[in-house]
Amino acid sequence: MRTLIAGNWKMHGLQAQIGEIAAMARANAGGPSDVEVLVCVPATLIAHAVQAADGVIQIGGEDCSAEEAGPFTGDIDAQMLRDAGATSVILGHSERRQGHHETDATVAAKVKAAWRHGLATIVCIGETQAQRHDGNALKVCGDQLAASLPDIPAGACTSVAYEPLWAIGSGTMPTREQIIGVLGHLRAALDERFGSTSQSIRILYGGSVKSENALEILDTPDVNGVLIGGASLLAHDFNAIVDVARGRTPTGSV
Ligand SMILES: O=C[C@H](O)COP(=O)(O)O
């Protein structure tokens, strides 16, 4: 399984920032293929980003509707993302679960819609600080995984991103033992539910990932990649993390 280094621009980015995508692509052109690079951007930028990525890195969306085309003003469906050139979509991010009241069932319906149109999915789960404090992190994450990730049809592709809410954008990282605890629990659940298919499902860690901590995170058991917010906005920062994943000396943007 190739390591996935995925960025999430969230609600950041105008056309003026597309040069960052071009710089990410230039830095990755001709690189070894043991690392897959994906940047998920706002829907308004997907087509521009695909052009700038020049086929070197993949571009994804940050959400999609569970519905197909129809009377849903303001929504964007999976086919539209695919049509714009996206190959993947992030679903169930905590900022959507909290800010847009998305339930596990909503997320599962969106995942199915994405798969129908050939998009790979990154399904996000994670506990709040209070849930961890109460000793419920494993149960919360296990329950979210079970209810947000539908049975996987042949040909569908997904990753699961563990993002503790208290680590997102905070600069606070879980300990290595905490990451091992949750990811081991998730991998065991995936193995039990999906058997050998589980081996095609990457588990990502997300929350305050930077080039300075990327090596330690990527070296943690059961971590198959990272989902990066703030440090994915600038090519200099993002490329440094990709370089860490590739095991070479960071060169920053080119
Ligand atoms: O999707 C990305 C995560 O929310 C992590 O964001 P962050 O790297 O800014 O902490």
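The buried residues of helix α10 pack against β1 (3-8), α1 (18-28), β2 (35-40), α9 (211-218) and β8 (225-228). This is a predicted model, and α10 is a good place to enter it. The helix runs over residues 235-245. Most of α10 is covered, with 9 of its 11 residues buried. Those buried residues are Ala235, Phe238, Asn239, Ala240, Ile241, Val242, Asp243, Val244 and Ala245. After α10 comes Gly247, with a positive phi near 70 degrees.

Take one residue of this helix. Val244 sits in α10. It counts as buried because 24 other C-beta atoms lie within 10 Å, where the cut-off is 20 or more. Val244 also pairs up across the sequence with Ala214. The two are 30 residues apart in the chain, but their C-alpha atoms are 6.8 Å apart in space.

Now widen the view to the core. In soluble globular proteins, nonpolar side chains tend to be buried together. Here the largest nonpolar core has 72 residues. Ala6, Val39, Val123, Val160, Tyr162, Val226 and Ile241 have the most contacts inside it. Helix α10 gives the most to this core, contributing 7 residues.

Val160 shows how such a core residue is surrounded. Beyond its neighbours up to four places away in sequence, Val160 touches Val123, Ile125, Leu145, Leu149, Leu186, Ile201 and Ile203. Val123 is itself among the residues with the most contacts in the core.

Next, a helix pair. Two packed helices are described by the angle between their axes and the distance between the axes. The axes of α7 (residues 137-148) and α8 (residues 176-194) come within 10 Å and cross at roughly 35 degrees. The crossing of α7 past α8 is right-handed. On the α7 side, the contact is made by Ala137, Leu138, Cys141, Gly142, Leu145 and Ala146. On the α8 side, Gly181, Val182, His185, Leu186 and Ala189 make it. These contact residues divide into 8 nonpolar, 3 polar and no charged. Two of them lead back to the core residue above: Val160 touches Leu145 and Leu186.

Turn to the annotated positions. The unreviewed UniProt entry gives His93 and Glu163 as "active site". They span 71 residues in sequence, yet their C-alpha atoms are no more than 8.4 Å apart, so they gather at one spot. His93 is placed in the loop between β4 (88-91) and α4 (94-99). It counts as buried because it has 28 C-beta neighbours inside 10 Å. Glu163 is in the loop between β6 (158-162) and α8. It too counts as buried, because it has 25 C-beta neighbours inside 10 Å. Leaving aside neighbours within four places in sequence, Glu163 is in contact with Ser94, Cys124, Gly126, Ile168, Gly206, Gly207 and Leu227.

A second annotation follows. In the unreviewed entry, UniProt places "binding site" at Asn8, Trp9, Lys10, Gly169, Ser208, Gly229 and Gly230. These residues spread over 223 residues of sequence, but they cluster in space, with a largest C-alpha distance of 14.0 Å.

Two of these annotated residues, Trp9 and Lys10, deserve a separate look. Trp9 lies in the loop between β1 and α1, and Lys10 lies in the loop between β1 and α1 as well. Trp9 is buried, because 22 other C-beta atoms lie within 10 Å. Lys10 counts as partly exposed, because it has 19 C-beta neighbours inside 10 Å. Not counting residues up to four places away in sequence, Trp9 touches Val39, Cys40, Val41, Pro42, Ser232 and Leu233. Val39 is also one of the core residues named earlier. With the neighbours within four places left aside, Lys10 is in contact with Glu62 and Gly229. Gly229 is another position of the "binding site" annotation.

Backbone angles come last. Most residues other than glycine have a negative phi. Lys10 is not a glycine, although it has a positive phi of about 50 degrees. His101 is not a glycine either, and its phi is positive, about 55 degrees. His101 is placed in the loop between α4 and α5 (104-116). It counts as exposed, because it has 8 C-beta neighbours inside 10 Å.

Terms used: Residues numbered from 1 in each chain as written. Predicted model: local features only at pLDDT ≥ 70, side-chain atom pairs only at ≥ 80, totals over all residues. Core = buried A, V, L, I, M, F, W, Y, C linked by C-beta atoms within 7 Å. Buried ≥ 20, exposed ≤ 12 C-beta atoms within 10 Å, placed from the backbone. Helix = DSSP H or I, 4+ residues; strand = E, 2+ residues; numbered from the N terminus. Contact = placed C-beta atoms within 7 Å. Axes fitted to C-alpha atoms, helices over the stretch in contact; angles between N-to-C directions. Left-handed = near helix turned anticlockwise from the far one by under 90°. Nonpolar A, V, L, I, M, F, W, Y, C, P; charged D, E, K, R; others polar. UniProt positions renumbered as here; feature names shortened; annotations may be inferred.
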